[in-house]
Structure formats: structure tokens, C-alpha cells
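Biologist: I would like to go through this model with you. Could you take the rings, a helix and a sheet in turn?

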Amino acid sequence: MYGNIHEECGVFGIYSKASGGDVAAQAYLALFALQHRGQESCGIAVCDDGVIGYHRDLGLVPEVFTPETLEKLGRGNMAIGHVRYAPSGQTKKRSNAQPLVVRHIKGTMAIAHNGNLTNAARLREGLELNGAIFHANNDAEVISYMITKARLNTGSIESAVKEAVNGIEGAYSLIVMSPKKLVAARDPHGFRPLCIGKRGGDYLVASESCALDCLGADFLRDIQPGEVIVIDENGLRTVRQGTGKPTGLCVFEFVYFARQDSVIEGVCVHEARRRAGAFLATERPVAADVVIGVPESGIDAAMGYSRASGIPHGMGFTKNRYVGRTFIQPTQRERERAVGIKLNAIASTVRGKRVVMIDDSIVRGTTTGKIVGLVRGAGAKEVHLRISAPPFRHPCYFGTDVDSADNLIAGKMSEDEICAHIGADSLGYLSSESVVKIAQESGCGFCTGCFTGEYPLPKPEKPNTDKFERKIGR
């Protein structure tokens, strides 16, 4: 998938008993591992003996954090980090970069959030009517006001977080850092992943286990939906019990968002994608000579399709790994232009052959058509496109940048019409019944709203592109 669907954020936190540690450098490495979850902006906040300093900016992790920048952040015993991708229709703004650092009457805190609050517009309006002043248009600022408001009536940061999350609705995987504690929370439906690791006396919290692996930490467990945990000098403890397995985990985490080597709710993402390909081969078979996958997630699904169908698997594309994702800009014209620079078909694999090409989704259809054209241009006799997820027909309200339904090709065209539009010989999607089985051993319930229109929670009261937009003169 190139420049179409994006997960908005990745979060990380570390608590070390040893003061003066290189927690900023470790947060940097973790964010590098989570870069796939957001390429618009990033940031790190460090706590050194109760003093919180931070740096955040637009750009990729290695662009924002030079060795000099990390050195200026200093050393400490706690740090949190964040990577972000802007939703459709939002202008890139440095003010929306996280972690958000807030100084209030009870002290200082830093907050990193992944997800989307469905009642954020109403909460923000109420806060503004009571004198709150907002500088950004992200949910983290709303949550920070909720926490600081609760902190006035409670004796601890964990009590304030517990009270605040009782008033927010939607998706959130949240890490809050106070001068002495790290607090993490996950929404009651478990829309977004969040897990805990340990390395010696250090505790780590991350959106995905791949961030723990890169730091040599042992995976302990997933944070349960609805759970609030605290990490401090006494170790790790749960201050609000979870509800068990997620009932609304975004199934697209397994299809596309998460890194192949991550484990979510006990399931390896790579294996889930191979299983999606196997289901696809059973549901949408075709006579062909070779199966190829569109990097990256399509490759795993292609392996599964090949094994289940008996059609040989081949390397169909080479990817230019020196073109950063920031190269792909929000406009459709720039997305199309980028395809040929980032990706090229390997002619020796496809020339004169009937090709099954596996990708994870079709959004608008134009970019997919360009990729089909690359394979045809390399000499393929036939190109049969298979998609390892159902068609996108509905927007997402819980933290995924799925565009307005008006811009989703599957909402406007039939399968045959889409096939003709992208120039393929045939087209087949994975069914909604099978997509929830690709990680069946997790025991989770999944959100498939962008495919089916059926959501675990009611839609937002104001589901516009920018939910915080205000009319002039209001």
C-alpha cells in the first residue's frame, strides 16, 4: 500500500530505576522501530529527577533527532515517545506533534496518545466554555485537560488518569509521564494495541512488541482493554482492572498496520498475514504461473496464497529503500508520481506469465492501477489482483485514516467495475467472514467497521474531517 491508508500514531514509554540513564536514546530506537505507524512528526520527553524536558518536530525519527538533539535532552530515568501521521484533510502542524508537555498547578506531565476520541468535540467545547485555551487540534490536548482537571480533586496522577478516562469515549492507547511515575491506559474495547516489556529492572510500554525486541526487553503481556497500570519505584501495578480480551481490536493491525515481527494478543502478525493469503487462495482461486506480493504486507499474504494454491511464489517487485515516506505527499497526483520511484517490477519474474498479485487493500484505485501497470509493463501476460482484506466502503472513527466514503472506490463501483478501472484481468477480495479468522487464536473480537459499516461504538456526534473545526464568527 502506497500513500493511502495510515495508522495515526505509535507510543512508547520507559521507566528505569537507575537515574541518569540513556532513556532518550532508548526511546529513539523504539520510535525508529515504530516509524511505520506514523511519519508526519515525532517527539521524545525525558524526566530527569522530576524535571521534564522534550523535543518534537515534523519529520521522520532520524530527521528530528540528531545525536546533538538527543544529547541536549539529557539523561534521566523516564522517557516517553510518539510518532504521528496526520489524518486526511489535516495540515501538517508542529503544534500537533507529541508528546504533549503540560505544566499545571500540581506539577508537570507529558502525554502520548494513539487513537481517536469520538466525543472529543463535545469535551473540547465544554472545556473551552470553562476557560480552557487550546493550541493544537489533537485529542491528546483534550485528554490532558481532562487529567489536569481531575488532578485538582485527586491526590495522585494515577487517580486523575482513572477519573479522566471515565469521561472519554472511543479509541485510546495512552502513556502519561509525571515527575515520578509512568501511567498507561487502554480503552475498554482495545481498539489499538499496547503491551508491556521488562529488561532487568526497567519496564517498557509500547504500541507493538517490535519496539521491545529492538531494546532487548522481554515481552510480559498486552495491557488489557480498560486497564490502567502504574510504573514507579515500587515496580508495576494495576490500578484499574481490565476487561479481558479486546472486543474491538482493529483487524487492520494484522492486515497492514503492525510490523511483521510484532506479536499482538498472542498472534504473530506475519503468520496472520500468511493465513489471510491462504484464505484468499481458497475463496478466490485463479489459474496462474506465479504469485507475487506488493511490499511490504502483501509479501506475507502472497506466501500464504502460494502455499495454499500450489502456485510458485516469486519476488515481483524491488523497492527503493532510500526514498523516505515523507516523499509521498497528500495529493493524489504526487502519490501516483511516487509509485514508479519507490517501486519497480522484476521482469524476469513476471515476463510471459499469468501473475497473481497480492496487495492488502484498494482505496481510491489510481495507485493500484499504476502498480498493475508496472507488472504489465514488465511483460506479464495476465495480472490477477487479489486483496488480503475486504473492500473499504466506510470511514473509520477510531484512529485509522480511512478516507471519506465519497473517496473510497469500493463505495462507488462494483467489483467488476473496479477491475476494469485498475486494468487487471480479474479481482478478488478476502471476505468479511474470513478476515476475522486470520488471528482467531487471539480470542479477540475485532472491529471491521471500515469494511462492514458495523462499529463497536456509536459514530461520533460530529464526524467531519476536522472535528475541531470552527466557523468564523461562531
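**Rings, a helix and a sheet**

Modeller: In helix α1 (residues 23-33), Tyr 28 and Phe 32 are four residues apart, so about one helical turn separates them. Helices here are DSSP runs of H or I with at least four residues, strands are runs of E with at least two, and both are numbered from the N terminus. The model is predicted: local features need pLDDT of at least 70, side-chain atom pairs count only at pLDDT 80 or more, and totals for chains, interfaces and linings use all residues. Residues are numbered from 1 along each chain as its sequence is written, and side-chain values use heavy atoms, with hydrogens and water left out.

Biologist: What kind of pair do the rings of Tyr 28 and Phe 32 form?

Modeller: Phe, Tyr and Trp rings (six-membered ring for Trp) pair if their centres lie within 6.5 Å; planes under 30 degrees apart are stacked, over 60 edge-to-face, and the rest tilted. The structure holds twelve such aromatic pairs. Here the centres are 6.2 Å apart and the planes stand at 40 degrees, so the pair is tilted.

Biologist: Is Tyr 28 buried or exposed?

Modeller: Buried means under 20% relative accessible area, exposed over 50%, and partly exposed in between (1.4 Å probe, protein chains only). Phe 32, at 47%, counts as partly exposed. Tyr 28 has 17%, so the verdict is buried.

Biologist: How many of the eleven residues of α1 are buried?

Modeller: The buried ones include Val 23, Gln 26 and Leu 31. Helix α1 is largely enclosed by the rest of the structure, because the buried count is eight.

Biologist: Which class does the pair Phe 252 and Phe 257 fall into?

Modeller: Phe 252 is buried at 2%, and Phe 257 is buried at 5%. Both belong to one aromatic cluster with Tyr 256, Phe 392 and Phe 451. Their ring centres lie 5.2 Å apart with planes at 80 degrees, so the pair is edge-to-face.

Biologist: Which are the edge strands of the open sheet?

Modeller: Two strands pair if DSSP finds at least two bridges between them. Four strands run in the order β17-β20-β21-β22, with parallel pairing. Those that pair on one side only are β17 (290-293) and β22 (426-429).

Biologist: Which residue of β20 stands opposite Val 290?

Modeller: Strands of a sheet pair through backbone hydrogen bonds, either parallel or antiparallel. β17 and β20 (residues 354-359) pair in the parallel sense over four bridges. Opposite Val 290 stands Val 355.
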